[in-house]
Amino acid sequence: MTEKTFLAGDGIPFVYEDLGPETGDPVVLCHGLGAAGIQFRADADYFAGKGWRVLVPDLRGHGRSGAPDSMRDEDFSIERMARDLIEMLDHAGVGPVHWIGNSLGGILALAILGLEPERIRSLATYGTAYTLGLPSFVPHLVPLIYGALGPRLAAELTARSTTSNVEAQRLIASVLRDFSPKAGKAVGANVRSYDLIANAQGYEGPILLMRGGLDHAVNRALPTTIEAMAEHPDFRVKHLPKGGHVANLDVPEEFRATLEEFWREVEAKE
């Protein structure tokens, strides 16, 4: 594993891990809001061991990456965060990648499809709806909850609501304890309401939507996505009945096998 750092276009230090052989086909594992690249530690090791070159970012305001001092909402726009990731691909010197995005990590990939779709060889998302519309007060709940409960209790309760896997709960809680609620509010202000369906519909590459059976909140928003994507010639849905919002931690073997099968299908069609 090699930890790499560069300055994003607006000067924010951005950190990602680079694993596996440099000549391997590139894969990106991108985490969601409040998490960090450590969510994919076991998956990254697994795929790197199979010969893939694996990039695992910490999004701005998350993990080891930096954040602007002002914590303005506009510094965490979907486009700005997507451009961080495009700049990461440039820094790593990789061509089109197999992208796996969890929640926010999927939203940002959908944004990349509207900016530079040629960067993505295939897209797999889970815990991600392609369109969403939540009330404007929702992002403000993050600092309120952290302030009322304290970072430790807020992190533990959120982790329990995210996954039923005890080890996964410990991992998620450890990351959330160090997460800035100001960053959570700023990101949330940008992703509470968006519509990226047109980007997915216009993308000519293969798309896999993994639907965790226990990811109840996101599942309520997915019917619109699935209906809108029904006519896409290379869109498919894979159900992971025992998977929650962080399905890679809930059902890791099924998660990895699903991706490997998907990538084999992609290669067979190319």
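Two strands are said to pair if DSSP finds at least two bridges between them, and helices (H or I, at least four residues) and strands (E, at least two) are DSSP runs, numbered from the N terminus. The model is predicted, so that local features need pLDDT of at least 70 and side-chain atom pairs count only at pLDDT 80 or more, while totals for chains, interfaces and linings use all residues. Residues are numbered from 1 along each chain as its sequence is written, and side-chain values use heavy atoms, with hydrogens and water left out.

**View 1. The whole protein, with eleven helices and ten strands.**
The C-alpha trace spans about 55 × 40 × 35 Å along its principal axes. The radius of gyration, taken over C-alpha atoms and compared with a globule rule of 2.2 Å times the number of residues to the power 0.38, is 17 Å, which agrees with the value near 18 Å for a compact globule of 270 residues. Buried residues, meaning those under 20% relative accessible area, as against exposed ones over 50% and partly exposed ones in between (1.4 Å probe, protein chains only), make up 55% of the 270 residues. Where contact means heavy atoms within 4.5 Å, 77% of the contacts between residues at least 6 apart in sequence join residues at least 24 apart. The protein exposes about 11,600 Å², of which carbon and sulfur atoms supply 52%, by the Shrake-Rupley method with a 1.4 Å probe. The mean positions of the 26 positive and 36 negative charges are 5 Å apart, with Lys and Arg counted as positive and Asp and Glu as negative, and His and the chain ends not counted; each charge is placed at NZ of Lys, CZ of Arg, CG of Asp or CD of Glu.

**View 2. Strand β5 and its two parallel partners, β3 and β6.**
Strand β3 (residues 26-30) pairs with β5 in the parallel sense over four bridges, and Val 28 stands opposite Trp 99 of β5. Strand β6 (residues 120-126) also pairs with β5 in the parallel sense, here over six bridges, with Ile 120 in β6 as the bridge partner of Val 97. In a regular strand the side chains alternate between the two faces of the sheet. Both faces of β5 are covered, since Val 97, Trp 99 and Gly 101 on one side and His 98, Ile 100 and Asn 102 on the other are all buried. For β5 (residues 97-102), this comes to six buried residues of six.

**View 3. Strand β9 and the surroundings of Leu 208.**
Leu 208 is placed in strand β9 (residues 207-212) and is buried, with a relative accessible area of 3%. Five of the six residues of β9 are buried, so the strand is largely enclosed by the rest of the structure. Strands β6 and β9 pair in the parallel sense over four bridges, and Thr 125 has Leu 209 in β9 as its bridge partner. Strand β10 (residues 235-240) runs parallel to β9 and is joined to β9 by six bridges, with Leu 208 opposite Arg 236 in β10. Leaving aside neighbours within four places in sequence, the residues in contact with Leu 208 are Leu 123, Ala 124, Thr 125, Arg 236, Lys 238, Thr 258, Leu 259 and Phe 262. Val 27 and Leu 208 are 181 residues apart in sequence and 14 Å apart in space, C-alpha to C-alpha.

**View 4. The hairpin formed by β1 and β2.**
Strand β1 (residues 2-7) and strand β2 (residues 13-19) pair in the antiparallel sense over six bridges, and Phe 14 in β2 is the bridge partner of Phe 6. Five residues lie between the two strands of the hairpin, and Gly 11 in the turn has a positive phi of about 90 degrees.

**View 5. Positive phi at Met 71 and Ser 103.**
Most residues other than glycine have a negative phi. Met 71, in the loop between β4 (53-58) and α2 (78-92), nevertheless has a positive phi near 55 degrees. Ser 103, whose phi is likewise positive and near 55 degrees, lies in the loop between β5 and α3 (104-115) and counts as buried at 15% relative accessibility.

**View 6. Leu 141 in helix α4.**
Leu 141 belongs to helix α4 (residues 141-149) and counts as partly exposed, at 35% relative accessibility. Gly 188 is 47 residues from Leu 141 in sequence and 9.6 Å from Leu 141 in space, C-alpha to C-alpha.
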